[in-house]
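Work through the two exercises below. Each has a task sentence and a stepwise solution.

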Amino acid sequence: MSGLLDVRDLNVTYTSGAGDVPAVRGVDLSLEPGDTLGVAGESGSGKSTVALALLRLLPAGTRVTGRILLEGEDVLTMKWGRLRAVRWVGASVVFQGAMHSLNPVRRIGDQIAEPLLVHGTVPAKRVEERVAELLEQVGLPASRAQDHPHRLSGGQRQRVMIAMALACEPRLIIADEATTALDVMIQAQILALLERLVEENGIGMLMISHDLSVLSATCKRVAVMYAGRIVEEGPAHQVVHDPAHPYASALSAAFPKIGDPASRLAPRGLPGDPPDPADPPSGCAFRPRCAMVETVCATVDPPLWPVRPDAVGHSERRAACVHVGSGRDGIEGASTPGETSTEETSR
Amino acid sequence: MSAETDPQTSTVGTDTDETPILRAEAVEVAFSSGVGPGGGRGTARAVDGVDLDVAAGEIVALVGESGCGKTTLARTLLGLERPTGGRVLFEGAPLSHRSRDLRDYRRRVQLVQQDPMGSLNPRRTVYESVVEGLRIHEGTTVDEYERVARALSRAGLRPPERFLSRYPHELSGGQRQRVVIAGALILDPEVLVADEPVASLDASVRGEILRLMLELRENLGLSALVATHDLGLAWNIADRVAVMYLGRVVEVGTVEEVLSAPEHPYTRALLSVLPDSGVEEGPVVLGGEPPDPKRVPTGCRFHPRCPVLASGEAARAGVADMCTSVDPEVLAGGPGHRTACHWAARVGGPESPRTVEGPMSS
Amino acid sequence: MSAPTGSVPGPRPEPPTGPEPTAGRSPRSLARRRRREALLRFAREYARNRAGMFGLVSLLVIGALALTAPLFIDQTHLTVTGAPGDPFQPPGGDHPLGTDNFGRSVLDLIIWGARVSLTVGLLATFVSVSLGTLAGITAGHFGSSGGTGGRVVASIIMRVTDWFLVLPTLVLAVALAAVLPRGTGTIILAIGLTVWPATARLVRAQTLAVEARPYVERARALGGGHAHVMGWHVLPNVMPVVLAQTTLLVATSIIAESTLAFLGMGDPTTISWGALLQAARTSGAISAGIWWYIVPPGLAIAVVALSFTLCGRAVEAVINPRLRRRS
């Protein structure tokens with residue numbers, strides 16, 4: 001399968017003195033150019049680990065298995081020199097706290113120019129021009145290039161970070177909670193900016209956020225992660241407004257729709273806490289917090305099943321729950337659920 | 001159990017005759033000097049004349065973007081900040097800033113902060129963190145253990161024995177915030193002032209903490225003022241909402257009034273940018289950055305960013321001059337839907353009968 | 001580590017005979033158990049630091065020798081008149097480190113001198129650390145949350161600290177030792193009064209960091225006063241820094257004591273390592289090449305100072321990575 005990004009069976013295990021901690025367990029993702037894919041999840045769900053793994057930014061000693069194809073090239077087996085080039089030119093990341101990672105004693109323009117000069121994507125004498133162009137692109141006046149970071153507000157700094165990420169014209173942008181710390185109005189500005197950039201430049205965007213409502217507004221498809229696995233995946237609107245997995249529906253209900261009488265004076269959440277990744281429960285990892293739990297859940301860790309498939313078993317959506325569509329049949333029909341699905345099975 | 005609250009109970013606190021338990025009266029807080037992101041020097045008018053009432057058993061949400069002064073107002077209501085103008089009244093009596101009076105006041109009005117990790121001392125166990133307020137006010141008491149256990153179970157940490165000897169880093173984010181709430185509950189307060197109580201919590205835990213606050217109101221009659229940037233939170237738990245912009249409340253009313261039929265262009269813009277807002281005319285993304293409290297614009301403080309003024313609608317209504325030259329009146333803090341906007345006052349909301357603001361002495 | 005102010009063990013009102021007689025005690029004893037566990041964890045991590053263990057073991061040996069010295073050293077042998085050997089005997093059977101100009105055993109003198117040097121080092125450190133911690137916490141606390149009056153007090157304290165900081169320590173100590181009556185107490189005071197500013201600066205910085213934490217704001221919103229914030233929140237968070245500083249300061253103090261004694265500022269009747277060096281110099285041992293009189297006291301100073309420094313560094317190393325340790 002081609003496409004911009006194709007992740008197959010990604011497993012990431014942090015190794016520490018206390019033992020191995022699996023953070024990502026068998027994640028599959030794919031993204032076409034000009035598309036936006038959202039990854040939703042709470043802290044500890046492994047969503048940021050996925051982002052880091054895509055560019056091999058994980059700490060040394062972390063075990064990563066599976067395949068990460070970026071434009072057909074496997075990031076995991078890439079040589080260092082190639083990886084360095086890929087990190088700006090092929091894909092770049094905008095992190096949550098990114099606006100704090102600007103060097104306070106250097107001018108904005110110089111910092112944006114840095115990746116350009118390092119990678120030599122633009123002839124030296126055109127660099128200034130390109131910096132001005134990038135600043136315009138993210139909605140800042142070109143004169144801002146002369147300013148130091150402290151002269152800018154948080155939202156402006158985040159724009160600068162996006163300009164830096166765009167500097168080498170990457171084909172993929174990974175936005176890891178890129179708007180989380182920002183005010184709603186600034187967040188709306190940044191989201192509109194990102195959307196426009198994806199549309200105009202035909203780049204792919206992987207947007208990682210805990211906020212399902214933000215993802216539903218910006219992304220075409222959304223994958224919901226829980227305890228290192230994708231538990232539901234499908235078109236954004238459907239996943240958010242008609243979730244199939246109980247965790248996805250709890251997450252969706254946690255962001256109330258204003259004007260919806262059902263959520264008025266009735267905040268909804270999930271009892272309990274996310275599982276300890278070092279000591280996950282048997283069977284379905286969501287079992288201890290699930291309202292629909294059954295005995296079978298303790299033994300079966302369901303793979304992603306198609307949700308409400310059509311006659312030939314096709315569906316745009318998949319969810320990892322025994323209550324979903326063909327899930328129950330799958331379990332009852334086959335002795336081991338692992339054999340019923342082909343490549344989605346988690347190990 | 002308390003998830004369903006019928007509409008009657010939600011309007012309990014909005015009885016006009018009752019003295020509000022907590023009241024801000026023309027409160028102003030100004031900070032001098034300091035260098036902001038714009039590099040300007042001078043006096044920052046963080047809170048610039050705010051009236052706000054919290055009735056007994058009422059939850060009021062104070063909504064605004066960062067830098068609008070909501071945190072400063074919350075701190076002022078707690079007596080952590082001294083107002084440079086106006087006053088804070090508790091049960092109708094002005095708050096004295098003498099240290100002994102403040103001490104008594106702080107038994108009855110409690111704070112819940114944004115970051116539960118930061119608001120617990122990493123070197124203190126849960127027991128010690130919860131008992132702290134009790135030790136401050138009563139010293140070591142005979143029934144200390146029972147009271148700590150009761151506060152913890154009220155905050156939803158059951159059974160309490162499991163948590164007593166833990167340290168904050170051994171708890172999840174939601175559990176930490178429950179410990180903070182238990183620490184506030186141990187003194188049997190009447191009002192909680194919460195500053196972004198769930199902003200740093202995971203989405204699934206957020207609902208649980210908000211539900212706890214509703215339960216506390218139901219079971220203990222606790223009032224609350226919740227400062228937040230999250231309009232969804234207001235919809236989830238608040239009875240009334242006050243929208244703050246640049247140190248001033250620009251719109252106040254019940255949650256249904258303000259969030260379902262917003263009048264102020266700023267409130268409308270805030271609601272329209274929410275994902276899934278369903279506003280027909282699409283999101284109104286305000287340009288620019290939140291303005292600098294050191295340089296409050298003349299006239300209506302929102303006018304430089306106001307979409308209604310920019311689109312010429314205000315001029316058609318004949319208020320454009322007023323927008324740039326006349327500062328709208330400070331809104332009264334009690335019940336009723338009020339908007340500090342010349343245009344909204346002229347045009348009038350299509351459905352809601354307005355409380356007409358006469359000249360007010362503050 | 002130090003017991004927090006709130007839970008000083010001792011008689012306190014227990015619940016008379018409630019339904020759960022042990023209830024009042026259990027959280028406290030649980031907390032105490034947790035502290036013990038934390039202490040054990042600290043010890044285990046310390047034990048992994050080899051340099052720190054070397055320092056600790058050598059200190060324990062030296063300390064044990066110093067404490068038990070009266071049991072195996074005849075004190076009359078340390079007087080000029082009761083000297084057991086001949087002057088300047090080279091190291092040999094009777095006297096493993098030879099004898100001094102009066103015929104006293106250098107080994108005995110060194111062991112006995114450890115008593116004074118260690119006492120002075122520890123007590124001077126105690127004085128300076130207490131003074132520095134008090135000044136640092138007060139200045140840090142009132143500087144950040146004490147209102148106008150508090151800020152004035154804080155800046156006065158810090159100006160005084162700065163003043164002591166820029167005064168040459170040795171000169172000040174010499175001057176103090178010269179005006180005060182001679183004796184070990186004077187030396188302790190002179191050292192204690194001159195080395196505290198560094199501690200004060202360090203503690204103040206840590207205090208300011210703690211004061212900026214939200215839990216201090218929460219404590220104030222709970223109604224806690226200055227004493228509560230300083231005792232309940234700041235002190236426990238400052239203690240690790242103070243502990244590390246203490247071990248490092250002991251080395252400084254011992255060297256300062258030796259220097260003062262060497263310069264003749266000490267009490268001539270007490271035997272300390274610095275005094276031994278001074279005696280060696282005045283008796284002409286240096287020009288005569290009597291190395292066994294000069295080298296051992298010097299080495300003793302170096303070993304003890306090094307051991308304390310190693311311990312201090314090890315304690316620091318265990319305490320600081322607390323930030324990266326996650327659970």
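Domain bounds here come from an automatic or database domain assignment. This is a predicted model: local features need pLDDT of at least 70, side-chain atom pairs count only at pLDDT 80 or more, and totals for chains, interfaces and linings use all residues. Residues are numbered from 1 along each chain as its sequence is written, and chains are lettered from A and ligands numbered from 1 in the order in which they are written.

**Exercise 1. Describe how the two domains of chain B meet.**

Step 1. Set the bounds. Domain 1 of chain B covers 20–34 + 42–238, and domain 2 covers 261–347.

Step 2. Place them. Their C-alpha centres lie 30 Å apart.

Step 3. Count the contact (C-beta atoms, placed from the backbone, within 7 Å). Domain 1 of chain B brings 18 residues and domain 2 of chain B brings twelve.

Step 4. Find the elements on the domain 1 side. Helices (H or I, at least four residues) and strands (E, at least two) are DSSP runs, numbered from the N terminus. β1 (22–31) and β2 (44–54) of chain B each supply at least two residues. β2(B) gives the most, with eight residues.

Step 5. Sort that side by class. Nonpolar means Ala, Val, Leu, Ile, Met, Phe, Trp, Tyr, Cys and Pro; charged means Asp, Glu, Lys and Arg; the others, Gly among them, are polar. The domain 1 side has seven nonpolar, five polar and six charged residues.

**Exercise 2. Describe the side of chain A that touches chain B.**

Step 1. Count. 37 residues of chain A contact 39 residues of chain B.

Step 2. Name the elements. α5 (154–166), α6 (184–201), α7 (212–218) and α9 (246–253) of chain A give two or more residues. α6(A) gives the most, with five residues.

Step 3. Sort by class. The chain A side divides into 18 nonpolar, twelve polar and seven charged residues.

Methods. Two residues are in contact if their C-beta atoms, placed from the backbone, lie within 7 Å.
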